[in-house]
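These are my notebook entries from looking through one structure, written so that another student can follow each step beside the picture.

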Amino acid sequence: MKIIAVNKSASFEYFIEEKYEAGVVLEGSEVKSLRAGRASLGESFCEIRGGEIFLKNMHVALYDKSGAFSTRDARKDRKLLLHKTEISKIVGRVNEKGYTLVPLKIYFKEALVKVEIALCKGKHAYDKKRSIAERDLKRATDRAVKEYLK
């Protein structure tokens with residue numbers, strides 16, 4: 001499994017409840033650009049339209065060797081491929097208050113491009129401060145253990 005891009009801010013902004021693996025509908029030049037690692041999930045999100053889930057605002061750079069075929073939008077909507085039962089479960093949870101669907105990472109699984117999406121609940125400011133404090137405490141303890149073992 002080769003990881004292409006990771007949404008680092010997702011774990012800081014949201015409590016991750018459930019994860020799903022979805023396929024993505026892509027064109028050939030987009031896959032070649034992903035193989036080169038030229039993608040970003042920074043500001044991307046998922047939207048449910050007509051019983052289908054779409055990944056919006058994911059940046060896939062245009063493949064420079066595709067010639068006249070590279071006139072496509074780098075941030076177009078991309079359809080995610082999931083089973084109907086998974087989609088219905090996700091739709092039911094997203095309709096509840098506070099839940100959203102966020103892409104976590106995009107990767108190659110054998111020859112296929114997969115996206116890991118998660119049902120998430122937003123964090124409050126005090127939750128984010130607690131996350132920062134826990135991260136700093138963990139760093140300090142790791143540093144102390146490393147110094148002790150020298």
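**Entry 1: Charged pairs in and after a helix**

I began with D136 and R139, which form a salt bridge whose closest N and O atoms are 3.8 Å apart; I keep in mind that this is a predicted model. I then asked why these two residues can be about one helical turn apart, and the reason is that D136 and R139 are three residues apart in helix α4 (residues 125-149). Looking up how open they are, I noted that D136 is partly exposed, with a relative accessible area of 40%, and that R139 is partly exposed as well, with a relative accessible area of 45%.

I next looked up E147, which forms a salt bridge with K150, the closest N and O atoms again being 3.8 Å apart. Here I wrote down that both E147 and K150 are exposed.

**Entry 2: A buried pair**

How many salt bridges does a search of the whole structure find? The search gives 16, and one of the pairs I followed up was E30 with R78, where the closest N and O atoms are 3.1 Å apart. This pair links distant parts of the chain, since E30 belongs to helix α2 (residues 28-35) and R78 to strand β7 (residues 78-81), 48 residues apart. Are E30 and R78 buried or exposed? I found that E30 is buried and that R78 is buried too. I also noted a network of salt bridges that links E27, E30, K76 and R78.

**Entry 3: Strand β7 and its partners**

R78 led me to the rest of β7, where the side chains alternate: R78 and L80 point to one face and are buried, while K79 and L81 point to the other face and are not buried. On one side I looked up strand β2 (residues 14-24), which pairs with β7 in the antiparallel sense over two bridges. In this pairing V24 stands opposite L80, and G23 has L81 as its bridge partner. I then turned to β5, which runs antiparallel to β7 and is joined to β7 by three bridges, with F54 standing opposite K79.

**Entry 4: The whole sheet**

Stepping back, I traced an open sheet of seven strands in the order β1-β8-β9-β2-β7-β5-β4, with antiparallel pairing. The strands at the edges are β1 (2-6) and β4 (45-49), each of which has a single partner strand, so one side of each is left without a neighbour in the sheet. From one strand to the next, the twist averages 40°. I also looked up helix α3 (residues 84-94), which lies across β2, β4, β5 (52-56), β8 (99-109) and β9 (112-122) and runs at about 150° to β2.

**Entry 5: The nonpolar cores**

My last search was for nonpolar cores, and the largest one has 24 residues, with L34, I53, L80, L82, I106 and I117 having the most contacts inside it. The elements that give two or more residues to this core are β1, β2, β5, α3, β8 and β9, and β9 gives the most, with four residues. Which residues does L82 touch, not counting those up to four places away in sequence? I listed Y20, E21, A22, I53, I87, I90 and I117. There is also a second, separate core of five residues, which includes V102, L104, A118 and C120. As background, I noted that in soluble globular proteins nonpolar side chains tend to be buried together.

Note on methods. Residues numbered from 1 in each chain as written. Predicted model: local features only at pLDDT ≥ 70, side-chain atom pairs only at ≥ 80, totals over all residues. Heavy atoms only, no water. Salt bridge = Lys/Arg side-chain N within 4 Å of Asp/Glu carboxyl O. Buried < 20%, exposed > 50% of the residue type's maximum accessible area, 1.4 Å probe, protein only. Pairing = 2+ DSSP bridges. Axes fitted to C-alpha atoms, helices over the stretch in contact; angles between N-to-C directions. Contact = heavy atoms within 4.5 Å. Core = buried A, V, L, I, M, F, W, Y, C linked by side-chain atoms within 4.5 Å.
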